[in-house]
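Q: Please go through the terms used for this structure and show, for each, which value meets which cut-off.

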Amino acid sequence: MNRREFLKGASLGLGAGALGAMGLYSYTPARSAFLPDVNRQMADFGVCRSVKVTNISETSWFDNGVFMKNVTGAGGLLVDQYTFNWAPFGNGKGIGKGSYEEGIARIKPYIQKGDLHGAWAVARENSVDADNAGGFSCLVEVEAMDGKVSRYLFDCGWNYDWMEESFKREGIDNMLANGEIDGFIQTHEHMDHYWAFPVVAKYGPSVHVYTPSTFYPQGKQYIKDSGHTGEVTEVKKGLFSLQPGVALYQFECPIIFKVFGEMSLYCNVKDVGLVSITGCCHQGIILFADTAYKELKYEKDQFYGLYGGLHISPFDDWDPKYDDLVIGLKKWNLQRVGCNHCTGLITAQKFVDAGYPVVQGTARFRSKTTNYLGNGDIITFPA
Amino acid sequence: MKLEHILPRALGDSHSECASIFTSLVMGAHFERSRARSLGWRGVRPSASEHPAWTCRVAGSGLVFGIRFDGEERCVAASHAVSPDSDQAASAPHCLRGYFSLYAFPPADSPLLDSFPLAALQRALSPGYEDAIREFSGGEPAFQAFRMGQLRLDASFAGDALALTLEAPARHRVLAADGIAADARADAPETVWLVAPGAPECDVPAFRLFMRLFAVLAATAEQRLDEKAAVSRGLSSMPRMCFHRDGRMENCPEEKEFLMNCTASFGPSLAPAGEALTPLRSLPARYRTEEPERRSLPVLHVLTGFLGAGKTTFLRRWLDFLHGRERYTGVIQNEFGKVALDAALMKGDTVVEALDEGCVCCSLADSLRPGLERIIAAMPAEQFVLETTGLANPANVMEALNGLRDLVAPGLVITVADALDLRGDTGLSPGAPGPENAGIRRAQIRKADVIIVNKSDMVSPAELEALISRLRALNGKALVLPARYGNIPFAKLDAWLDAHSEARLPSHVPHILPMEQRDVTHAEEGYSARIVTFEEPVSLETLKRLIARPGLCRAKGIIPIEGKGICIVQYAAARLEITPAPGEIPAGLTLIGTNPAI
């Protein structure tokens, strides 16, 4: 008898019988039988009372066309970012022919004097499209259960001039100088998140720096060359607790422009749920959300809020109908979203159209749409 | 061989180091889509539930593969243990061995499934199968029946050796000693057997199913390590399993199951002791792209659609999709009329090359080459989109493109159709042709590989359905996708292009016309354009009067409007849209229509 026809038709009564028992065996090569099983770990990393994020800058570059010309002109997405001849590591030799060593040699004297405007001016002479550079950076303020507020600076942007101006606009320069920043979190080594590090070091040379453990030698050297004197913690893959209710998670993944590893920040807000803050989410929002579900214990089992740039996935989905961020995020039932940066202007619009709880911004300071939580805008969790 | 080219750090003791290597290997191959595809990848989805896991497709196989990391152990390779000049204790672990379960999920309608375990077939025929596969690692017991093989990943702590091994039965066959009856009355004299006593309950050529996946993985490692793999194969046997009615499983003494393995290794061998291997000259089942020369040229898609159908809206959304995935795409825009409004709207989105004051399908055919050359030089991207005027006949554009095969490879012809414009009179009798069946509109529909039925929310479901069936009657080969604000599942465009990489797309089928007849052009239909500029803010009434003129079918521009300031004005298919645009510079109003007085 044709098994397919049979199962299509009369299968239900058979489930508990011979067929049911039959389904239990499987191909089990002897060698792997002893391996320990891995279960949902649900690490308990404590709780905090609330989280506030101030967007210092989400405009990584101002003109996408110019940026794409740079990338394709230098040879594409596999090219090492330090060789693009992007500011501040320009050597005057043109697109795709730069190096960290030659670039930093030209600007280091200015950095050492604290003259970052002068450093950028030199870089502009020797680099491609320096004025297109902006940066990604935000301030995360966490209120602990006892009411004490901790401040984390999350990435530092790209363009010295733009970031110094943006830091001043939000008072970050003074916070750094007064020791009010408890930690500086460098999510990943990309230029638009990291290369304005001298601005951080200028105002807060002793701030505690956290980076993924997989920075390349140039990236590690840049911390020193920027005049930083404080502690540096290299975060290995997986969870790294900062304080009760606040943890970093380092995702090991190769990223375009020869970068490796990205950290995201998870906050567990009491009686509210999990709040996640991302730089670019190069590991992909799908893996990012799944990982939180699998590995973390959080309030009400509710993935409550999200802030930052949202890459859906580093891969094409094998099923084209799922290759959509709006669909990809649906199952998490998010309550509060502030998106910007690499999310995509129209993806943000689609979130709004689909009825997502997107917190609107004010489209000031060169941010392009109110669907983005733009430069100078603030989002709080809970509302 | 340097493992740091895949994972730029020393191996540690996380118990998931091999999962990290695997993730990095696969992710690193996907920075550039064309590179991933030329290795044979056809989509990957990570699935982190419980264990690190992935589902994927590869070229040349209709299956969805599931890969699940099971765990890893420290070990000593045979070659290392016997090394006489080693100072280390022979038993000191010098490599990590990770195990991954391999699952094969055929489509529910595949005949292959009929040879899978009954439990697999039953699951595949149940509702929600294809969606559930995506979370196969979540622990659903029925999915165990799809587990058919294993991948082993060996990596040395010194970072100088890596090996990938596929192991699976040549034929995965389990015998049902007592048979499986089709109904509960198994002892009735007229028993109908699903599986006769002693016959195999399943009989799957497991090793062969996974070979394409393995070849893609090995080729990916070759590319990342910039080194050719040493390939070998081996064979071992284990007793075949036999299943009894009471649930007992036992070895079947007479029969053997042959376990085949294939290893791609880099650096010193990490093979376990006792594995007899035969070297192979090359990787079996390696994927080769059919048209390598095609890949070296950028792809040019052609976007058409009648005046005001929503081409630019669609394009901006498509670019958002592409650029969010780092698939940089340049745009060549051609507008009927002097003012490059569309280019102004796309400012900052991408690199735009504007070909103005004329139409690529006729007067501008000669300027297309220098335009393409300019944009390719400015941005050597992998694909470009030519957005034609609303009046362009794609048949004529395709003819012009034939002369540009040295610069670009032909992509899709995408036509944005305006549901409002094409729904026709409400009294249209069923089956009667609508406005789509004449002139430029007809030419645009007929030549399309993909038809986007835009503004589908502005007509009733019945009207939409009728329109879609009329469009299908005009062009049965195109993919038809209804859209609102130009939104479609954009990945479907890639899938459509892939599915037709060998078969010809409708747009590439030579268009044979009866003698003495040329393809219709808009000049013959009497379209012309005129630009009106306004020094003073214009009142809404004046604007409405202007666009109400007979013969006018499209108006667009950036003009000052009384009480609203600078606005973007869009008019098409009897619908007027005014959007305040405070930052824009007034650029006049372009009117397009068939009335010479316009």
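Q: How do you know what share of the contacts in chain A is between residues far along the sequence, at least 24 apart?
A: Among contacts in chain A between residues at least 6 apart in sequence, 66% join residues at least 24 apart. A contact here means that the C-beta atoms of two residues, placed from the backbone, lie within 7 Å. The model is predicted: local features need pLDDT of at least 70 and side-chain atom pairs count only at pLDDT 80 or more, while totals for chains, interfaces and linings use all residues. Residues are numbered from 1 along each chain as its sequence is written, and chains are lettered from A and ligands numbered from 1 in the order in which they are written.

Q: Why is chain A called as compact as a globular protein of that length?
A: The radius of gyration of chain A is 23 Å, and the globule rule gives 21 Å for 383 residues; the two values are close, so the description applies. The radius is taken over C-alpha atoms, and the rule is 2.2 Å times the number of residues to the power 0.38. Along the principal axes, the C-alpha atoms of chain A fill a box of roughly 85 × 50 × 45 Å. The secondary structure of this chain comes to 13 helices and 15 strands, where helices (H or I, at least four residues) and strands (E, at least two) are DSSP runs numbered from the N terminus.

Q: What share of chain A counts as buried?
A: Of the 383 residues of chain A, 56% count as buried. A residue is buried if 20 or more other C-beta atoms lie within 10 Å of its own, exposed if 12 or fewer, and partly exposed in between, with C-beta atoms placed from the backbone.

Q: What makes β8 and β14 of chain A edge strands?
A: Each pairs on one side only. They belong to an open sheet of six strands with mixed pairing, in the order β8-β9-β10-β11-β13-β14. Pairing requires that DSSP finds at least two bridges between two strands. Four bridges join β13(A) to β14(A), so this pair meets the requirement; the two strands run parallel. Tyr307(A) stands opposite Gly338(A) in β14(A).

Q: Why is α13(A) called roughly perpendicular to α8(B)?
A: The two helices pack at an angle of about 105 degrees, with their axes 8 Å apart. Angles under 35 degrees count as roughly parallel, over 145 as roughly antiparallel, 65 to 115 as roughly perpendicular and the rest as oblique. That makes α13(A) roughly perpendicular to α8(B). The axes are lines fitted to C-alpha atoms, for helices over the stretch in contact, and angles run from 0 to 180 degrees between N-to-C directions.

Q: Which residues meet where α13(A) packs on α8(B)?
A: Leu345(A), Ile346(A) and Thr347(A) in α13(A) meet Arg316(B), Arg317(B) and Asp320(B) in α8(B). By class there are two nonpolar, one polar and three charged residues. Ala, Val, Leu, Ile, Met, Phe, Trp, Tyr, Cys and Pro count as nonpolar, Asp, Glu, Lys and Arg as charged, and the others, Gly among them, as polar.

Q: How many residues does each chain give to the contact as a whole?
A: Chain A gives 65 residues and chain B gives 78 residues. On the side of chain A, the largest share, seven residues, comes from α3(A). The residues of that side divide into 30 nonpolar, 19 polar and 16 charged.

Q: Why is α13(B) called largely enclosed by the rest of the structure?
A: Six of its eight residues are buried, so the helix α13(B) earns that description. The buried residues are Ile440(B), Arg441(B), Ala443(B), Gln444(B), Ile445(B) and Arg446(B). They pack against β14, α11, β18, β19 and α14 of chain B.

Q: Is Val352(A) buried, exposed or partly exposed?
A: Val352(A) has 16 other C-beta atoms within 10 Å, so it is partly exposed. This residue lies in helix α13 of chain A. Not counting residues up to four places away in sequence, Val352(A) touches Val358(A) and Asn371(A).

Q: What is noted about the phi of Phe365(A)?
A: Phe365(A) has a positive phi of about 50 degrees although it is not a glycine. It lies in the loop between α13 and β15 of chain A. With 19 other C-beta atoms within 10 Å, Phe365(A) is partly exposed.
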